[in-house]
Amino acid sequence: MEQIQTKRIVLGITGGIAAYKSAELTRLLVNQGIQIQVAMTEAACHFITPTTMQALSGKQVFINQWGEHTANHMAHINLSRATDAIIIAPATADFIAKLVHGLADDLLSTLCLARNCPMLVAPAMNRQMWENPATQRNIQQLVADGVTILGPANGTQACGEEGMGRMLEPSELARAVLTFFQPKLLSGVKVLLTAGPTYEAIDAVRGITNRSSGKMGYAIAQAALELGAEVTLISGPTALPCPHGAALMNITSAAEMFELVQKHVTDTDIFISVAAVADYRVAQPSEQKIKKSTGGLTLELLPNPDILGYVSGLPKPPFCVGFAAESHNLYEYAATKRKTKKIPLLAANLVQQAIGADDNELVLFDDAGEHVLPRANKLKLARALLQHIVKLYRRGN
Ligand code: C5P
C-alpha cells in the first residue's frame, strides 16, 4: 500500500468564502500523517488568517513571492519541488482562469506554473460564475492539461442562491486526496458491496433490525475506491455519508437487498458481503400499527434468502468475500462458514468488539489458512483487507 505518511502536499488557498473549509481540510489531512504546506493568495487572507492555517499545518504559511522566508527568493521553485501534489481549495473562477493561461503574478500562481507534480483543483464560486461558458471552457482546458478537478457540489451558496459551485466538503476533499495517492490496483474492476443492517417490518412503525452501523462496509467501499475500483454500494439504513464516487443504493429489507444484488451481480468482478442481513423476516407484516393487548404476541418468522450463498452459487460467481460476526468460538465457526458458503475469503470478527465501533480486528480465512489483521480503525483495516483481496483476486484471474 502506498505510504500516505510520507506524502507532502502544497495546499493553495485562493480568495473565496469556502476558504474557511480549508482549515478543516488541513486538519483532516494532517491527521492522516500528510505534511501540508499552505500557500495563500492575498485575497484568501481576507477570508481566513495565515495564523489559523499555520497553527493547523504546523508550518510557516507562504503568501508573498518576496517574503523573508526563503533566502534565495525562490519560494515558487522550492515549494513546488518539495511536494508530491498541489491542491487548490478553494479555487476561484479567477484563479482557474489564471491557471489556464499560465499567469504567474503572485506566489501561488507562480508555483503552480513552476510545478513538476500533479495538481488537484476544487472549484468554489457562485453558480452563475460556474455556469459561465468562460469558466466551463477553462475547466475543460485544465482537464485537458491533466489537472484533476474535484467537484464542485450542488446546493445552497454563501450568496443565498442555489446551484452548482459549492466547494466539496473537507471530508470529501480529504478522501479524494487519499484516493489520488493510492496505486490503482483495481482500475476497471467492478466491486459490489452490501453494508449496514437490514430492517424487517413487523408493522407500520416497528421492525426487526440489528446494531450494525455500516462503518466497516463503507470503509471497504472507500478503500476499494482508493484503488480505482468502480464501486456499487447496496446499503441498509445507516447514518453514514456515501463514500465519494460510489454508486449508493439504499434499501430497507433483506428482500430489497437481494433484489438489487441479483440485478447488479451479473456485472460484478468482486462481491463483498459485509451487510448484517437479518436471518428472518416477519411472515405477514401489518400495514397498520398493531394495537397493544394484555395478552402476548406471536410473530411468525420466515428465513430470508442467503444473499451471499446465492452469489457464490452462481454458475460463474464473482470473487466472493463474506463476513462473519461471532460472539464466541470465532476460529471454529468462521472456518466452517467459509466452507459452507463456498467462498474463497471470509473475514471474521467478534461482535463484542466490532458492532458500532470505530476500531476493529479481523481474522481472514482463505485456502492458505488464517491471517490476523490487528486492531486498527476501520478504514485502515479496510485498506489492509483490500490488499489481501487484490492478491487473491489477481491470482485467480
Ligand atoms: O452466518 P451468516 O449466514 O450470517 O454469514 C454471514 C455472511 O453472509 C455475511 O457476509 C453476510 O453479509 C452474508 N449474509 C447474506 N445473506 C443472509 C445472511 C448473511 O448475504 N441472509
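**Close-up views of a predicted model**

N329 is placed in the loop between β16 and α12. Before we look closer, note that this is a predicted model, where local features need pLDDT of at least 70 and side-chain atom pairs count only at pLDDT 80 or more, while totals for chains, interfaces and linings use all residues. Residues are numbered from 1 along each chain as its sequence is written, and side-chain values use heavy atoms, leaving out hydrogens and water.

**View 1. N329 has a positive phi.** The angle is about 50 degrees, although N329 is not a glycine. Helices (DSSP runs of H or I, at least four residues) and strands (runs of E, at least two) are numbered from the N terminus.

**View 2. The ligand has a shell of protein residues around it.** A residue is counted as near the ligand if one of its heavy atoms lies within 4 Å of it. Among the surrounding residues are S273, D279, P305, F323, K337 and K341. At least two shell residues come from each of α11 (307-312), β16 (319-326) and α12 (330-341). Sorted by class, the shell has six nonpolar, two polar and four charged residues. Here Ala, Val, Leu, Ile, Met, Phe, Trp, Tyr, Cys and Pro count as nonpolar, Asp, Glu, Lys and Arg as charged, and the others, Gly among them, as polar.

**View 3. Which residue offers a polar side-chain atom 2.5 Å from an oxygen atom of the ligand?** That residue is K337. In the side chain of K341, an N or O atom is 2.6 Å from an oxygen atom of the ligand. P305 takes part through its backbone: a polar atom there is 2.8 Å from a ligand nitrogen. Taken alone, the ligand exposes 440 Å², and the protein buries 85% of that (areas by the Shrake-Rupley method with a 1.4 Å probe).

**View 4. Two prolines follow cis peptide bonds.** The bond from A89 to P90 has omega near 0 degrees, and P90 belongs to strand β3 (residues 85-91). Between G151 and P152, omega is about 5 degrees. P152 lies in a loop, with β5 (148-149) and β6 (153-156) on either side.

Conventions. A polar contact is a pair of N or O atoms within 3.5 Å; within protein, one must be able to donate a hydrogen and the other to accept it, and residues adjacent in sequence count only if both atoms are side-chain atoms.
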